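Let's take a look at the aromatic side chains here and at who sits with whom. Have the sequence and the structure open as you read.

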Amino acid sequence: MSLGRLIERLAQLVPVLLGVSAIVFLMMALTPGDPVEIMLGDQHVTEEQERALRHDMGLDLPPHERFVKFLANAAQGNFGQSFFHRQPVMDVIASRLPATIELSLVALVLALATAIPLGVLAAVKKDSWLDRAATVTSLFGVSLPGFWFGILLLMLFAVHLQVLPVAGRAGYESEVAPITHLLLIDTLLRGRLDAFLDALSHIILPAVTLGLPMAAILTRVTRTSMLEVLDQDYVTFARAKGLRRRAVLAKHALKNALIPTVTVAAIETGSLLGGNMVVETVFGWPGLGRLVVESIFVRNYPLVQAAVLIYAITYVMLNFLADVLYTVLNPRVRL
Amino acid sequence: MSAVPAAARPARSPVLENLAAFAASKLSLTCAVLVLGCVVLAIAAPLVAPHDPNEADLFRRLQPPAWMEGGEIAYLLGCDALGRDIASRIIYGARISIFIGAAVILVATTIGVLAGLAAGYLRGWVDVAISRLVDILLGFPYLIFAIALIAMTGPGLQNIILALAYKEWVIPCRVVRGETLAARELEYVEAARALGGSSRYIMWREILPNILSPVIVVSTVRMAHVIILEASLSFLGLGVQPPTASWGSMVADGRAFMLDAWWVSTFPGLAILVLVLSINVVSQGLRDAFDPRMRR
């Protein structure tokens, strides 16, 4: 893809991002209740102090100016104070973000590691028992409610077999000096195998729960695209040339069959964000998703607003990345 | 009677033809019957449920299912922490899941079809406005959008339906817009235009009946998705509020008793799985029947 087209495609994101911001702003503005009263809670302040606070928060401005101020602040990562934590919203979010990123990445890796071999095998052995098993498994994968599947896993592995921890994230942040803030990587980089294994045992159940629907979708996508590729003339030709079946699959078919898988994986990574809220709640995982759910119940709206905007921007960017990836991997398609 | 020549027989509509192809698959048909069974159970809940779903009996607190020691046949699936009959609550909970699923899909499909037809047929600024709005709404992860809206408006049946429908309509809208764009160039639409048909007539009477198949398929797939979303919201405490039984909140209630009362969470979750799985199989069957190219 040429640089010009990339810039053009990036420019198309601007109205979408502005629209997304406008909706997040509107959600907040239309919320019943006075934000100042919610923020003050039971505290008694003078009318003067209340006016000053209202002015600081920009609530005395007309709506369009408030929106511009919101955008300007958001661009600088300033979402105000968290009512509940008494510190800047971005600081609270930043402290929870690594746990969510780590969980999503592990879920993504697990999903890809299961879906690609399963999808390829199902296509190669079309209509066999393996193909049927893959189809049934993926159908179950998209139909299982994540929160319930998570609880079943907990009941089996944590409660009955007692081989994995019940909840939370391994608490090595204080012992292992952070490098990436992702515990699995940091513990390895610092040579703490014991801590790595502990971190792994904590993350495995939530990651499996989060990754399952994605694995189900990716298995279907890989199977379908592999079947299409196997029908192509160049694959028949490679086989006719006398190349071994395995070589044809690995060198010719798989490379092209994986294009849709990679693209859908990028899009589905965005949907992991939504799943995070549920899975983090089930497993007591201290990430952003759980923080948002907790914040809703204590009406910590600035935090909810900031998190929703961050989620939406990430989602839009992941979709953009999926488009770019598709074009890069498949030069016949032009954005 | 068989003397009537084939050409003289009235042609069956494409939708009916496709439904006949769908009914030929035993698995799809079985799952369709299962879904229908759930709907009937939900509608007839007051007649079918053995107990009042909200009647607490602390003497039956966490009573196990009938086949376990301490269980009784009158409380087949056992009782929850307040001694309420789980089977009755599952039957009543089906009302919430199915009602919300159907209501969201009905509202979203109506809006989506109208917007998609207008965008695809009228083009111009109408298309630009609708497509931009669709792009913006697609920028939000679904559950996060719904959670944010419910956080602002508060939980409750009406708010959940609206929160889900606000984003759901973009899916049928995109499908209908694409189909309409293709259809408006076809001969039958051109012929209707040449005969002086108004835009409204062409959209409703000519295009819509011909693009219904993909709309039906998408609606069923999305219904399964909406049911899981509603259950997720209820699980997080943002769905229908207690004491009304909903499957998601029943699973959440049982979380605290995983150790010694597995049945409290397990059965409502199983109910969600059976319903969603059946709808997914039905939708796959419909897709195969409606689009033979998909039969791979």
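## Ground rules

A residue counts as buried when its relative accessible area is under 20%, and as exposed when that value is over 50%. Keep in mind that this is a predicted model.

## A stack across two chains

Over all chains, the structure holds 8 aromatic pairs. One of them is A:F147 with B:F235, a stacked pair with 4.7 Å centre to centre and 20 degrees between the planes. A:F147 belongs to helix α7 (residues 146-160) of chain A and B:F235 to helix α11 (residues 212-235) of chain B, so this pair joins two chains. Buried or exposed, what are A:F147 and B:F235? Both are buried.

## An edge-to-face pair in chain B

Next up are B:W67 and B:F267, which meet edge-to-face, at 6.0 Å centre to centre and 85 degrees between the planes. This pair links distant parts of the chain, 200 residues apart: B:W67 is in the loop between α3 (45-48) and α4 (86-122), while B:F267 is in helix α13 (residues 263-290).

The two partners also part ways on accessibility. B:W67 has a relative accessible area of 53%, so it is exposed, whereas B:F267, at 12%, counts as buried. Ring pairs tie both of them into a cluster with B:W262 and B:W263.

## Charges over rings

Chain B also has charged ends parked over tyrosine rings. That of B:K167 sits over the ring of B:Y142, 5.8 Å from its centre. Likewise, the charged end of B:R184 sits over the ring of B:Y121, 5.5 Å from the ring centre.

Note on methods: Residues are numbered from 1 along each chain as its sequence is written. Chains are lettered from A and ligands numbered from 1 in the order in which they are written. This is a predicted model: local features need pLDDT of at least 70, side-chain atom pairs count only at pLDDT 80 or more; totals for chains, interfaces and linings use all residues. Side-chain values use heavy atoms; hydrogens and water are left out. Rings of Phe, Tyr and Trp (its six-membered ring) pair if their centres lie within 6.5 Å; planes under 30 degrees apart count as stacked, over 60 as edge-to-face and the rest as tilted. Helices (H or I, at least four residues) and strands (E, at least two) are DSSP runs, numbered from the N terminus. Buried means under 20% relative accessible area, exposed over 50%, partly exposed in between (1.4 Å probe, protein chains only). A charge sits over a ring if NZ of Lys or CZ of Arg is within 6 Å of the ring centre and within 35 degrees of the ring normal.
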